[in-house]
Number of protein chains: 2
Amino acid sequence: MPDALPSWNDGPNKQAIVNFVANVAREGSASYVPPAERIATFDNDGTLWNEYPQYVQLAFMLDQVKAAAPKHPEWAGNPVFKALVTKDEKALAALGEQPLMALLVQANSGMTVDEYDKTIRQWIATARHPTLKRLYTDLEFQPQIELLSYLRANGFKTFIVSGGTLEFMRPWSAAVYGVPPENVVGSSQAVRLETRDGKVNLVREPTFEFNDDGPGKPMGIYMHIGQRPILAFGNSDGDQQMLEYTADGIGQRLVLLVHHDDAEREFAYDRVSRVGKLDKALDEATEKKWLLVSMKRDWKTIFPEAGKQ
Amino acid sequence: MPDALPSWNDGPNKQAIVNFVANVAREGSASYVPPAERIATFDNDGTLWNEYPQYVQLAFMLDQVKAAAPKHPEWAGNPVFKALVTKDEKALAALGEQPLMALLVQANSGMTVDEYDKTIRQWIATARHPTLKRLYTDLEFQPQIELLSYLRANGFKTFIVSGGTLEFMRPWSAAVYGVPPENVVGSSQAVRLETRDGKVNLVREPTFEFNDDGPGKPMGIYMHIGQRPILAFGNSDGDQQMLEYTADGIGQRLVLLVHHDDAEREFAYDRVSRVGKLDKALDEATEKKWLLVSMKRDWKTIFPEAGKQ
C-alpha cells in the first residue's frame, strides 16, 4: 500500500491518525462507525492554509474597500478609512475593531451574491501573500490536503468550519481542498431577496448575520451538518469549543491542533499572537491529550508545489 | 432499461423529467451540467409526504405541549393551552398564531439537541395520521421516493428545503428519503452551548431563529448549499420564491409543483386551504409553464406499501 500521507513524518501523531481511521472503518469491530456518521470538521485559517500575518479574507475585504472608495466620497471623512489608506496601524488599533468591521461590511455589500462570487474568484486568482510572495491558493498545507483526501477515501465526509465567511471560501474550496460549497460552514453576512432585471437574486446586506467562531462553531455544525463530528482539527482558541464538542461525543474521537512552530518554513506563533492565538486551547490540549501537531516535526512538506492548483 | 419511475404514469410530465435529466447528464452537450452543480431541492410537507389536514411537525409539537404540561402548572391559566386541551378550534383561531407559537417553542425547548432528537425518533415510530391511520413514515409519496433515487443515480445531490425545522426532519430523513441530515435545510429554533454533566452540549432555546419559508427558502439554500438549484419541487405558495430562484438561473432548469387534486387517494386542496395553500404559485406556474404534477393523473401509486420503512 502506498503511503496516503507522504507529507507527514512518521511518528506518534501520524500513527494515531492512521490508527483512528482504521478503527472506525473496521466493520464488525466495537469502534466501527458507519460512513454516514464519519463527520470530520476542519477549521480553515491556520489549519488548512496560511493565516499569518493577516487573515486572507481580511486582505480581500480591504482590497474591496479600496475598490469601492470612488463610490463613497463620504469615506474621506471616515477616520478608519483614512487610517487604512495611510496604513496607520497605530490609529487603526486605537479606533478599535467595530468601526473597521462596519466599513468592511459596507464595502462588501450591495452586490448580488453571484457578483460577489465572481469578485472573489478574480481576486484569488492573482492576489499574493505579502512576504511569501505566493498565490494564496498555493499556501494551503500539503499534509492537510493529503489528510482530507485520505479521510474521504475512507468514507469520511469532510467539512470546513471556519470563522471566515462561507461566501469567501466557497468559490475555491472545491478546487483547493476537494470540499464542495455545501460542505463549507462559516460566518455569514446577511442577504436579502431582490428582483433585479426581472430575475430573482440575493443581494448582500451590510450586516453580519452569524459568527462561526468559538461557541458559534458547534452551533454552526449543528445547524449545518446536524451530527457531532468524530474528528475535528483546529489551530487556535477560536476552535476550542468545536474540539470540546467533538471530544465530548460518545465513542472514539480524534481531536487535533496545528501548532505553528516553524519560523523557518512558515511562521511561529501561539499564545500572544494577534492572529490565530493559541493559548487556552493549548492548555486544554495538554490536559486532555488532544494531538498537538507540530509543523516543524510532523510535517515533511508545508506547501504544495507552486501553481499546482 | 427498467423504468426508474414506475409509480409515475407515462405522459408529458414524466417525459419532461426524464428528458431534463438526460440533457443535463449528457457529456459534451450544450445542456450538460457537471455533477457538482446538479443541485435538486425539494420542499417536504405536501411535496415529499402528506401534510393534510395538519402538518406532521405541528402534531408532534402539540404532543410535546401535553407531555410538558405537568412541569408547567402556570399553563393552567394560559388561554391557548386551555383551548388546545379542550380542542376548542374557534378559541384557538381567535387567539391568533403568535401565542400558540410561543407555547410550542416553550414546550419544545430546554432539552439538549440529543434528547430532542431521541424524542422525535420515539414519537415518529408510533404516531399515526388521524384519518389515514398509517404511520407518518408510511405517508411519503412513492413517486417522489423514486424521483429522489433516480436523480441521485444520475449524479444529482438531493436536498430538502422545508418550512419545517431541520431538527424535526433529520432523525428520519435518511431512512425515509435517502437524504442525510447535512442535506436538510429548514427553519430552526435557536440553540445555546452549555456544559451539562461535564460535557459540552447544545441546548434548545425557546425562540425561533430562522424561517425557511417563502423568501427564506432561497436564503436557506444560499447559506446552506451555496449554489442555485437546477431542479426544484414544491407544492405551495411557500415554495414560490424557491421555484423562482431556481427558474431564474442560467441554463436548463426544471421547476415542478405537486397539485393535491386526488380526494380519493389523498386529499384535494389548493387556493383556499389553511394548510399548503397553493394560489399565487399556481398562477405563476401556469404563466411560466412550470410543471404542474397532478397526483390524480401523474401518479400511479401515492403511498408505499405500509411498513416498508
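Biologist: How many aromatic pairs are there over all chains?
Modeller: This is a predicted model, where local features need pLDDT (the predictor's confidence in each residue, from 0 to 100) of at least 70, side-chain atom pairs count only at pLDDT 80 or more, and totals for chains, interfaces and linings use all residues. Residues are numbered from 1 along each chain as its sequence is written, chains are lettered from A and ligands numbered from 1 in the order written, and side-chain values use heavy atoms, without hydrogens and water. Rings of Phe, Tyr and Trp (its six-membered ring) pair if their centres lie within 6.5 Å; planes under 30 degrees apart count as stacked, over 60 as edge-to-face and the rest as tilted. Over all chains, the count of aromatic pairs comes to 32.

Biologist: What kind of aromatic pair do B:Trp75 and B:Phe81 form?
Modeller: Their centres are 5.5 Å apart. The planes meet at 45°, so the pair is neither stacked nor edge-to-face. The pair is tilted.

Biologist: Is B:Trp75 buried or exposed?
Modeller: Buried means under 20% relative accessible area, exposed over 50%, partly exposed in between (1.4 Å probe, protein chains only). Its partner B:Phe81 has 14% relative accessibility and so is buried. B:Trp75 has 2%, so B:Trp75 is also buried.

Biologist: Over the face of which ring does B:Arg170 lie?
Modeller: A charge sits over a ring if NZ of Lys or CZ of Arg is within 6 Å of the ring centre and within 35 degrees of the ring normal. Within chain B, B:Arg204 lies over B:Tyr116, at 3.6 Å from the ring centre. B:Arg170 reaches a ring of chain A, at 6.0 Å from the centre, and that ring belongs to A:Tyr222.

Biologist: How many of the nine residues of H9 in chain A are buried?
Modeller: Helices (H or I, at least four residues) and strands (E, at least two) are DSSP runs, numbered from the N terminus. H9(A) spans residues 216-224. Its buried residues include A:Tyr222 and A:His224. The helix is largely enclosed by the rest of the structure, because the buried residues number nine of the nine.

Biologist: What is the strand order of the open sheet in chain B?
Modeller: Two strands pair if DSSP finds at least two bridges between them. E3 (residues 184-196) and E4 run antiparallel, joined by eight bridges. The sheet has seven strands with mixed pairing, in the order E4-E3-E2-E1-E5-E6-E7.

Biologist: Which are the edge strands of that sheet?
Modeller: Each edge strand pairs on one side only. In chain B these are strand E4 (199-210) and strand E7 (291-294).

Biologist: Which residue in E4(B) stands opposite B:Thr195?
Modeller: Strands of a sheet pair through backbone hydrogen bonds, either parallel or antiparallel. Opposite B:Thr195 in E4(B) stands B:Val200.

Biologist: Which residues does A:Tyr269 touch?
Modeller: A:Tyr269 is found in the loop between strand E6 (254-259) and helix H11 (280-288) of chain A. At 7% relative accessibility, A:Tyr269 is buried. Contact means heavy atoms within 4.5 Å. Not counting residues up to four places away in sequence, A:Tyr269 touches A:Gly46, A:Glu51, A:Tyr52, A:Asn235, A:His260, A:Val275 and A:Gly276.

Biologist: What separates the C-alpha atoms of A:Tyr269 and A:Tyr52?
Modeller: The two residues lie 217 residues apart along the chain. Their C-alpha atoms are separated by 9.0 Å.

Biologist: Where in chain A is confidence lowest?
Modeller: Chain A averages a pLDDT of 96, and 99% of the residues score at least 70. Strand E1 (residues 39-42) has the highest confidence, at 99. At a mean of 91, the lowest is helix H4 (residues 89-95).
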